[in-house]
Amino acid sequence: MPPPLLLEGELFPSSPGMLHRRSRRHHLMNRQIRRCSASTFFLIALTASYLSFRSFFPSSSSYYLRFGYSWDRLVRSSASPRRDSGISVLVTGAAGFVGSHVSLALKKRGDGVVGLDNFNDYYDPSLKRARQALLSQHEVFVVDGDINEAQLLARLFDSAQFTHVMHLAAQAGVRYAIENPHSYVRSNLAGLVTLLEACKSSDPQPAVVWASSSSVYGLNEKVPFSESDATDRPASLYAATKKAGEEITHSYNHIYGLSITGLRFFTVYGPWGRPDMAYFSFTKNILQGKPITIYRGKDGVALARDFTFIDDIVRGCVASLDTAGKSTGSGGKKTGPAPYRIFNLGNTSPVTVPKLVRILERNLKAKAKVIAKEMPGNGDVPFTHANISSARTELGYEPKTDLESGLKRFVKWYMSYYGDSNKGDTNPEESRQ
Ligand SMILES: NC(=O)c1ccc[n+]([C@@H]2O[C@H](COP(=O)([O-])OP(=O)(O)OC[C@H]3O[C@@H](n4cnc5c(N)ncnc54)[C@H](O)[C@@H]3O)[C@@H](O)[C@H]2O)c1
């Protein structure tokens, strides 16, 4: 069995409290060792602390890492396809909204899936843990770790032969960059490079499919947005990091022969969605009788979004994995050109935010208390609209769900998950529209 790892995250915590927790445990352990002169007693104490830690963190991968117990076996088993010609996929951001859906879809059709997520508290981590629990019921192992942890990534690639990486981990949200700009740099730039380094060094190299964003179209006014349009006027730091991600992945494609597919998602919504997004926080506030803020663009024009239902996005992600050409590098060197693709994944029928609210009101059987405000210039754009002809041709992508039926399914999930207590932690002022 390989020796237990010392992870970078243990030296430089990626989330508050991580270092503190670890050093306290270390301290306790040292005290135990000093006190126990007899080796038998030491072994008993160690077994007891191991068992109590296990019951405290039953599904945490850090437990397995720290104690070196069966971790590789779990990774290998979760990564093994259960069907002939199945693929083996490392899904980063697997406890996230899109990541959990994609992981489940792959596992259900018999592919091997291992998740990776740092469970940060950008929004309620208990929702991420609930998604993890759902994945665990379907035998998808989600590793508790950060894409910045190079040693952890190397260990994952050593333990399983991933044919594909579905990279969805990121600092999402547009307005949060005003509050915490460095979280975008850390996850969307530094983390992306660390992940690509691991992919390029792996032998064989996996094909990489990753989430860019419609936000790269920034201040463009020509609609619908096409992949060939200029993307050099981002309106937010989030958009700028996604645009930079497209350039960074291009350089790894060019130098190391990594097969790259970048997906520009357009406002994804649906069951198990993200509490920081407008449709989610509107639902919560309407149910609680609290006001919602609707922003208007220049001259009072309603904002519009090309809302795309999660199942359609999942089909686009899976089709991207299935059609991704092979990476050509070996031992960190390219042996020939590899594919580099970018696709819009949208719904191609933008809907205004006031219409979204009317649909929610109908489904929730409650009236919204609306506060209308001019859109602040802090990152949002007035409209999005995807041209999806490339995805149609290359991926066979065809969105099937309109906003009316998609929101119906979201509301059904919301009521069953939160019930009447409505504990979803959202702040309407912060919600993305
Ligand atoms: N949902 C949308 O409307 C939308 C639109 C455009 C692009 N995207 C992109 O799609 C991807 C998935 O988005 P989502 O809506 O599922 O967001 P999400 O926040 O629900 O999922 C992202 C997950 O990544 C994890 N994560 C963040 N930084 C990490 C790190 N450094 N290491 C490990 N894990 C980390 C988070 O804990 C989270 O669970 C993201 O890249 C996002 O930027 C989403």
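Colleague: What makes H6 the largest share of the shell around the ligand?

Modeller: H6 supplies three residues of that shell. A residue belongs there if its C-beta atom, placed from the backbone, lies within 6 Å of the molecule. This is a predicted model, where local features need pLDDT of at least 70, side-chain atom pairs count only at pLDDT 80 or more, and totals for chains, interfaces and linings use all residues. Residues are numbered from 1 along each chain as its sequence is written.

Colleague: Which residues are closest to the ligand?

Modeller: Gly-93, Gly-96, Phe-97, Ala-170 and Ala-211 are the closest of the 29 that surround the ligand.

Colleague: Why is H6 called a helix, and which residues does it span?

Modeller: Helices are DSSP runs of H or I with at least four residues, strands are runs of E with at least two, and both are numbered from the N terminus. H6 covers 97–108, so it meets the helix definition.

Colleague: How do you know that S1 and S2 pair?

Modeller: Pairing requires at least two bridges found by DSSP between two strands. Five bridges join S1 (residues 88–92) to S2, so the two strands count as paired. They run parallel, and Val-89 stands opposite Val-113 in S2.

Colleague: What makes H6 pack on the sheet?

Modeller: H6 touches S1, S2, S4 (164–167) and S5 (207–211), with contact meaning C-beta atoms, placed from the backbone, within 7 Å. The direction of H6 makes about 165° with that of S2; axes are lines fitted to C-alpha atoms, for helices over the stretch in contact, and angles run from 0 to 180 degrees between N-to-C directions.

Terms used: Contact = placed C-beta atoms within 7 Å.
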